[in-house]
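Here are my notes after a look through this one, with the charged pairs up front and a histidine at the end. Have the structure open while you read.

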Amino acid sequence: MAFKLIDLPYDDTALEPAVSAKTLSFHHGKHHNAYVTKMNDAIEGTEHADAALEDVIAAARGSNQGLFNNAAQSWNHGFYWHSMSGTETEASADLAAKIDEAFGSMDELKSQLKARGAGHFASGWVWLAEKDGKLSIEETHDGDTLADSGFNPLLTIDVWEHAYYLDHQNARPSYLDAVVDGKLNFAFASENLARGSTWTYPR
Ligand code: MN
């Protein structure tokens with residue numbers, strides 16, 4: 001059974017002005033759709049055809065770069081849509097305590113997410129992640145992912161140009177300011193932390 005392009009968990013205007021409906025129409029409808037379609041074409045009739053996406057990613061890592069890129073990007077984008085919300089949602093008490101422990105404050109976490117995202121060279125992803133009960137900010141390059149890593153990813157931000165160019169042109173820091181200050185889904189991060197295992201891309 002093929003993987004589907006998962007629906008956006010909000011109306012396509014919900015993230016404006018940080019991320020416009022026009023950006024979402026291309027980013028979700030064209031970019032994410034293309035990753036899912038290419039992945040489905042690559043796994044059809046293979047031993048991966050009915051596997052979980054996280055297992056496809058792990059199996060392809062290091063052995064089938066084309067499949068890995070499309071599978072990891074399919075996962076990353078599904079996770080990214082859920083990492084944002086029309087208005088910022090609240091961190092659970094447990095997540096809030098772990099943010100204070102790791103970063104000192106929510107404001108400092110936000111400041112570091114912006115700095116790491118702005119400083120990431122070329123295309124990639126910036127993550128809030130948990131490992132052994134401790135939070136950290138991680139970066140992955142190009143289509144790489146934390147989906148099959150030792151980290152439990154809590155939130156991610158896409159820093160590829162296609163995520164912001166229509167709205168912010170080349171000003172990645174402007175995009176990061178707009179997303180980090182008001183559009184992050186800390187309730188989703190809290191669910192991921194409480195589950196204690198990696199989010200799964202729905203079939
Ligand atoms: Mn993207």
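1. Start with Lys-110 and Glu-88, which form a salt bridge with their closest N and O atoms 2.7 Å apart. Bear in mind that this is a predicted model. The two partners come from distant parts of the chain: Lys-110 is in helix H5, while Glu-88 is in the loop between H3 and helix H4 (93-103), 22 residues apart.

2. How buried or exposed are the two ends of that pair? Lys-110 has a relative accessible area of 11%, so it counts as buried, the cut-off being under 20%. Glu-88 comes out at 33% relative accessibility, which makes it partly exposed.

3. Helix H5 has another charged residue to look at. Lys-114 and Asp-177 meet through their side chains in a salt bridge, at 3.7 Å from N to O. Lys-114 lies in helix H5 and Asp-177 in helix H7 (residues 172-180), so this pair ties together parts that are 63 residues apart in sequence. Asp-177 is partly exposed, at 37% relative accessibility.

4. Now for a network. Arg-61, Asp-144 and Asp-148 are joined into one by salt bridges that share partners. For the whole structure, the count is eight salt bridges.

5. Within that network, take Arg-61 and Asp-144: their salt bridge has its closest N and O atoms 3.0 Å apart. Why does this pair tie together parts that are apart in sequence? Arg-61 sits in the loop between helix H2 (53-60) and helix H3 (65-83), whereas Asp-144 sits in the loop between strand S2 (134-141) and strand S3 (152-158), so the parts being tied together are 83 residues apart.

6. On accessibility, Arg-61 is partly exposed, at 35%. Asp-144 is partly exposed too, with a relative accessible area of 26%.

7. Last, do have a look at His-120. You'll find it in the loop between helix H5 (106-119) and strand S1 (124-131). Loop or not, His-120 is buried, because its relative accessible area is 8% and the cut-off is under 20%.

8. Which residues does His-120 touch, leaving aside those up to four places away in sequence? The list is Glu-139, Thr-140, His-141, Val-159 and Arg-172. Of these, Glu-139, Thr-140 and His-141 fall within strand S2 (134-141), and Arg-172 belongs to helix H7 (residues 172-180).

How values were computed: Residues numbered from 1 in each chain as written. Predicted model: local features only at pLDDT ≥ 70, side-chain atom pairs only at ≥ 80, totals over all residues. Heavy atoms only, no water. Helix = DSSP H or I, 4+ residues; strand = E, 2+ residues; numbered from the N terminus. Buried < 20%, exposed > 50% of the residue type's maximum accessible area, 1.4 Å probe, protein only. Contact = heavy atoms within 4.5 Å. Salt bridge = Lys/Arg side-chain N within 4 Å of Asp/Glu carboxyl O.
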